Each structure stands twice: as C-alpha cells, then as structure tokens.
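Visitor: I should like to go through this model with you, one question at a time. Please give the reasoning before each result.

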Number of protein chains: 2
Amino acid sequence: MIAEILSVGTELLMGQIVNTDARYLAARLSEAGITLHRQSTVGDNPVRLAEAIETALSRADIVITTGGLGPTADDITKEMSAQSLGLPMRRSEEAENMVRGWFEKHGHAMTDNNLRQADFPEGSRILRNDFGTAPGCIMEKDGKAIINLPGPPREIIPMFDACVMPYLTERGGCLIRSRYLRIFGMGESTVESLTGDLMREGENPTLAPYCSLGEVQLRLTVRCQSPEEAPPLLDPLEKEIRRRVGDVIYAVTDDPGYTMERAVAEALLAAGKTVATAESCTGGMIASRLVSVPGISDAFLEGYVTYANAAKERVLGVDPRTLARFGAVSEETALAMAEGLRRRSGADICLSVTGIAGPEGGTKEKPVGLVWLGLCTGKGAEARRLSLFGDRDRIRTLASLHGLHWILCAAREQGTGERQGDPHPSPPA
Amino acid sequence: MIAEILSVGTELLMGQIVNTDARYLAARLSEAGITLHRQSTVGDNPVRLAEAIETALSRADIVITTGGLGPTADDITKEMSAQSLGLPMRRSEEAENMVRGWFEKHGHAMTDNNLRQADFPEGSRILRNDFGTAPGCIMEKDGKAIINLPGPPREIIPMFDACVMPYLTERGGCLIRSRYLRIFGMGESTVESLTGDLMREGENPTLAPYCSLGEVQLRLTVRCQSPEEAPPLLDPLEKEIRRRVGDVIYAVTDDPGYTMERAVAEALLAAGKTVATAESCTGGMIASRLVSVPGISDAFLEGYVTYANAAKERVLGVDPRTLARFGAVSEETALAMAEGLRRRSGADICLSVTGIAGPEGGTKEKPVGLVWLGLCTGKGAEARRLSLFGDRDRIRTLASLHGLHWILCAAREQGTGERQGDPHPSPPA
C-alpha cells in the first residue's frame, strides 16, 4: 500500500514553521508498513492544491493531507479533496455537535464561520479533534482514500494515533520493522566502503546509512507479515555488518531517535556507577546532554564549567604552574582537571574537557580544534588528544560526543567488564 | 521568479529526521522576493527522483535540491539533475582539488568513492563546501537553473548564504536588506494580533514573524537598489512595531542567526560585569549556551551543574534543612543556590535554576514544568517562579531562555542602566 503526504499551508512555503507533521506521519506510516514515496507542500491556493491532490491520488492509494481545515476562507483542503473524488459537501450533524461542544467546553464564543468546520464530503468518516475546533475526516472512493488532518502538531498527533493508525492497519499491508546500529568512530564513507554491497544488493532486509554529526546510523529494515518474522531476517545482516565494521557499533536499537547520552545513562545505571564532568570548551554541553536523559540523577553527581583559567585553579585545584607551563589546553591540564574533579566529587568516572573551539585563540602549535580529554577513575587518570575541525559549534559538539563515548566505554568496563565499543542492546522505545 | 524546493532522502520519507533545510531555504527565498509554490520530498530512487526533478523544472525557473551529494551509492541527485537538463557528467578538477584539499586539511583518509563528489554536470558552477566533503553546484540551461545543495544543515546554510543568495539576488536584479527584531516574553499569537495588519498590508518593506521555542523574531525586509535606501524604509516600520508591542524587543539585528546568549554576552562585556551559573534541571544548558559565544571567557567565571541534592549542599552550601523543608524545587532552594553561588564565585550576576523537567517527579503541588530561578547580585537575591509545559527538552530549553533573559536584563541594568526588554516575562504559551 502506497501513501503520499500533502502538507497544506502558505506558512510552510514562507519558511515560518518547520514541517514536523510530515516527519511524524512518515515515521508512523513506515511503522504501519505503508510505503511513502513522496511528500509535498503547497500553499492555500485552490488551483495548485487541487492539482496536487489529484496528482497524489493518481500515484498513491492513500493521500494524507495536513492543514487547511480551519474556519477561514483560505482553509479549503476538505473542499478540494471532496472535489477530486467527486463528492458533494454536506453539513455533518455529528461534526457540528463536535464543534459546538468544543466551544462550549472551552467557553469561547463561536462565530458562524466556525460551522464551516462541520461541512464534510458526503459519506466521509469524521475524526474527532480533542485539542482544537477542526475535526478531520477520511473519505474513500474506488479503493482510494483521502485523509484530511489538521495542521497543529498538538491536534494532529493524537488524532492520528486514535483514529488514523487503526484505520491504516485495518486496511492491511505488511509490517515494516527497522533496527538501527549506531556507530561512533568511523566515517560515513568508510562505513559505506565496507558495507556498500549490502546497501546496493539488499532487498529484504534493506540496509541504509544515515550520517549525523560525528555519528553514522545504519538502518536495517525488513518487511514481514508478523513481528515475529523480523528478528530471523535482521539478525544475520547485523552479524555480517559487525564482522565487517568491527566494534565501532556502540548501540543496537529500534528507536531511530536513540542518542549517545542515552547509551551513557543506561550503561552508568546498569553498572551502578557515578559520573562527574569538568568542562572548559564544551561549557556544560556534556552535562546538559546527560541531564537530558530522565532518571540520570542516580548516576550524575555534579558538573563544573571551568572556562576561565581562574576557575580551573579555584574550582578544580589545577596548579597555576601547570597552566602557566603547559597552557590551559594541554595533556597536563586535562589530567589535572580530571584528578581535581575526582577529588572534589568522588565520582567513579570523572571526565574533563579542555580545548580551543575557535574562531580565535588558535596558534601554529595549538590550532583551533585541538581538544584534550581527561578521564580519572579508581584506576588513575589518562588523557586523549583530539584534532577536530569546523566552526565553534561543530568542535564543541564533537568534543562532547567523544567525551560521552569515553564515559560510555568506561562505564561498560567498570560495569560488566565488556570491552570498549562493545554494543549494548537497548530497550524498545 | 518562481522556485521549487526538492528534498532528496529516504531518511526524510522514513521520518528519521525533520526537514529543517526546506524551512531555511523557504525563508531565505521569501526574503529574496522569490516565489515558492511547492516543496517536495522524494527518496533515493532514480526513477522517482528524475521524474520529480523534471516536474519541478516544468513549473519553476529555479529548482533547488537538498541532499544526495554524498559519496555513497544512493547519492544520485547530481546525476539525475544533469540528466534532466541533458548535461553530461564530467570530473571537475576544481572540485577534485576541493575534495582532496578537504581530506588533506583535516587529515582524514580519502576513499575512492569520495571522488564521485568531484563529478559535476558539464559547465556547472561549483559551490565550495567548507563544512563537508560534498561541493554543491549551480547548472543552467535555457533560462532554467538547478541548484544542488548538500543535506546537512551545517553544510547547506553557509553554502546557501555564501554562494546561492548572491546568485539569486543577482538573478533577481535587486538588493534585499532585512532587519530582525527579537522578542522574548510575548507569545506568537499576541505579537500577530498586534502587528497582523502590518504583515498583511506591507509590500516594501514586508513584515514576517518567525517563531522559535520561546521566542518570536520579526523580520523586516526591504527591496532596494542600493544599501543606503534601506534604513529610511525600515526605520519607520520598526518604530511603529515598537509602539505596538512595547519593550519586549530585546535585540535589533541584521543577523537572522542572532541568539539570546549573544545578547547576554554583549551586554555583560559592554557592562564589564561577570556571571556565574548554578543549574539543576537545565543541567548546564545555560552555561553551554553562554560558552557558545566566542570571547565570553572575560565575563563567564564558572558554572555548576548541581543536579543531585547532595551536590546542591556540598557544592553550593545549600542547607540540608532548606532542601528537606521546602524541597529541591522551591523559592528557598533557588535563593540558597544563587547566594551560595555568589559566595563561591564572587561573580557580579549569579543565576540559579531548579525545576521539575519531567516526565517523572511531578506532584499535585509541584507539577512537571514548575521551575524556580534565583538571581543574586550585589543588591541581594530574588527568585522567580515559572510554570512551563511540554516535554523534558521543551521545559529545559524554556527555563534556560528565561534564565538567560534575566541575566540579560540584570547586565543591562548594572551596565548602562539601559533597560531593554521586559525583565518580568510571562512564560510563552
């Protein structure tokens, strides 16, 4: 079954808002085993909207529209959808009660044009909107379906989950199941040169790379009739990928939004280990990413942002002579920060970061992008040198990723004795 | 002049990422006075991609593609674009030097498939990529143009600003000048209700709102023949907007990427004042946003992430009885954190944040979204209560914005006494 998403709204074409609806619908459709070949955005223009609906209808079994269900004159998605299927518009008593009920419940005065939101294509299924005035609808004809949904995310998401998802699964089609291998420490083109043939030749399952800053995610996707069929098809491909790329896979998950910080939090909590951070150039980014994970307070003791040298001395007890002799960005300072942090916090794993994020401050010996990480545990302290490039944000983000990954490896070593880089399967999202 | 955006990437159709590129391009095109009728997304499928390019080309003067310029087998946007214009692909020496230079500069090993990124349609203009390996290009034929840009936001935005915008304005034959009014403490709908007529009726200059989480940015754009013509056209509109919205405007800038943290840094440095932060639920986000501004080390002394209660006591000297009696999220604890921070750091402006970011930890008396801010200066300490809603990220981001804005107002008061921006913003709806 093939679907197409049609986003309606001049505000999208003006770049005033990001189209998060399309992303949400795309993700849910793939879960439902429905193929999405295209997504399009048009403005509130009758001619182009009608043309877009008809084009989409000619290519897909199901066309899902978002937006243009409001009360104003330029909200015409329902009318144009009905026209494309040759259905007349009728006032729906059911929808009228929904609209009136919404205004009564929220104590707002209803204007007459709000009743336009109760007009629907004849025979269409009305979709209740618990978070706004505009009901959605599903209209069918000759085996094709158009589903009109509202634009605001707080309205469309509950409506899709409550009304549309059941309709789609009932309509059938196979399931799609995806597994994601998250890779840190190997570039996209290297990963591709090692697994390119699997990407080109794979049919079921398929393999696709997705590159984000500092990370590569491999998506293994399988089509099947039941959830049970997925693992036997995915496992051999995962095994073959592991054989080729080695131990750069740090997590295996079915959640496309899985993050490095979540892996770190899960490893720390599983190992019952605590962590503390001392950040200079990253300025709290590592701590903030850790704290973004709910429940981290059991593992994250405290963090220090010691950007100025005075703070490195006063807060972490770094010897002024170390700073004077080797500089703030040096192996010695990174080690001293990590050791001072461990004295202060007593955490099992203490990470320090100091570097030159730029754009100023670089020299021939210490260019922008030079970053030193320090790690102090019960086994002592060690330091690592990074040579990063790019703008300030990129360098700080990559330095944070390297720091988080080092914490991850240390937590796994201290916890289960697994070697660094070994994957931890993740709980379902 | 009519443009169309074609986003290429199966990861978009799988719902793995949000299409922020399309929003950025749409916004910049509207600034340039170029009409955008449609945006479409297709996957890495040769047949559908070729068809999408040809359809777009039949409707628009300029087709801008994003994505599919990488080294991997499914990166085919350039090839399909060249095919649609009947241009042969050629290895570009200029591009090969760019790609090789990029790898040399960054000390990475280049794999053979990276050289695919040096193949371009004959006669196309190569667009340098300073933040990735894939150059972009502009190809023209019979008065139509296709512009191939990379997918990653870090690569496409600088490339568009440096290479594409000048090309478009040159093609359009006029200058575009924009001024941005940044607003904090007034919701989008209120701003629009106060200035909607100016948005609808303005022709030159035009007025458009951009809403990011917690902030509203008003863009005043004027088309003119020379830079000197812009201010006399923009000033009266800005004055009228100020008259209507009052003092919620915290910055006026010509940089669309201007941020709250930059305003804070500039205010602190201008006033010669220092700042320190103590963060619980925001977990270092405020410090990290401050450190993202180059040169902040003269003003930012130190930051503490005291997420656990033990850290609030040990690091900031919060009295355990205060935590026991009033709880970690309370006016008393926020004040004690700010006062302890001032004792530790001696900074002129000391900000503390403690709150319940969720999803767990809320109670009837203290629901998720309750956040207390504390500010301690030479004049003493005060606290503020925020009631935010949304998920963990949203609450932490909004709390950080409120904290940064309070620092901004304090710095401006301590500095020139100038008082731009409402020091008591209401949480954005």
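Visitor: Which residue of β2(B) stands opposite Ser40(A)?

Guide: The model is a predicted one. Strand β2 (residues 35–42) of chain A pairs with strand β2 (residues 35–42) of chain B over 5 bridges, in the antiparallel sense. Opposite Ser40(A) in β2(B) is Ser40(B).

Visitor: How many strands form the open sheet that runs from β6(A) to β6(B)?

Guide: The order is β6(A)-β7(A)-β8(A)-β3(A)-β1(A)-β2(A)-β2(B)-β1(B)-β3(B)-β8(B)-β7(B)-β6(B), with mixed pairing. Neighbouring strands of this sheet are turned against each other by 15° on average, direction ignored. The number of strands in the sheet is 12.

Visitor: Why is one side of certain strands left without a neighbour in that sheet, and which strands are they?

Guide: The sheet is open, with mixed pairing. A strand that stands at its edge has a single partner strand, so one side is left without a neighbour in the sheet. The strands in question are β6 (125–127) of chain A and β6 (125–127) of chain B.

Visitor: What angle does the direction of helix α3 of chain A make with that of β1(A)?

Guide: Helix α3 (residues 46–59) packs on the sheet, where it touches β1 (2–8), β2, β3 (62–66) and β8 (144–149) of chain A. The helix also touches β2 of chain B. Its direction and that of β1(A) make an angle of about 170°.

Visitor: Is Thr66(B) buried or exposed?

Guide: Thr66(B) belongs to strand β3 (residues 62–66) of chain B. Beyond its neighbours within four places in sequence, its contacts include Leu6(B), Val8(B), Leu25(B), Leu149(B) and Ile156(B). Buried means under 20% relative accessible area. At 3% relative accessibility, Thr66(B) therefore counts as buried.

Visitor: Why is strand β16 of chain B described as largely enclosed, and how many of its residues are buried?

Guide: Leu370(B), Trp372(B), Gly374(B) and Cys376(B) point one way from β16(B), whereas Val371(B), Leu373(B), Leu375(B) and Thr377(B) point the other way, and all are buried. The strand, residues 370–377, is largely enclosed by the rest of the structure because the buried residues number 8 of the 8.

Visitor: Which strand forms a hairpin with β16(B)?

Guide: Strand β15 (residues 349–355) of chain B runs antiparallel to β16(B) and is joined to it by 6 bridges, with Gly355(B) opposite Val371(B). Strand β17 (residues 380–387) of chain B also pairs with β16(B) in the antiparallel sense, over 8 bridges, and Thr377(B) has Gly380(B) as its bridge partner there. With 2 residues between the strands, the hairpin partner of β16(B) is β17(B).

Visitor: Which residues of chain B does Arg392(A) touch?

Guide: Arg392(A) lies in helix α14 (residues 392–416) of chain A and is buried, with a relative accessible area of 10%. Not counting residues up to four places away in sequence, Arg392(A) touches Tyr307(A), Ala357(A) and Gly358(A) in chain A. In chain B, Arg392(A) touches Val291(B), Ser292(B), Val293(B) and Pro294(B).

Visitor: What percentage of the residues of chain A count as buried?

Guide: Chain A has 14 helices and 18 strands, and its C-alpha atoms fill a box of roughly 85 × 50 × 40 Å along the principal axes. Among its contacts between residues at least 6 apart in sequence, 69% join residues at least 24 apart. Of its 429 residues, the share that counts as buried is 58%.

Terms used:
Residues are numbered from 1 along each chain as its sequence is written. Chains are lettered from A and ligands numbered from 1 in the order in which they are written. This is a predicted model: local features need pLDDT of at least 70, side-chain atom pairs count only at pLDDT 80 or more; totals for chains, interfaces and linings use all residues. Side-chain values use heavy atoms; hydrogens and water are left out. Two strands pair if DSSP finds at least two bridges between them. Helices (H or I, at least four residues) and strands (E, at least two) are DSSP runs, numbered from the N terminus. Axes are lines fitted to C-alpha atoms, for helices over the stretch in contact, and angles run from 0 to 180 degrees between N-to-C directions. Contact means heavy atoms within 4.5 Å. Buried means under 20% relative accessible area, exposed over 50%, partly exposed in between (1.4 Å probe, protein chains only).
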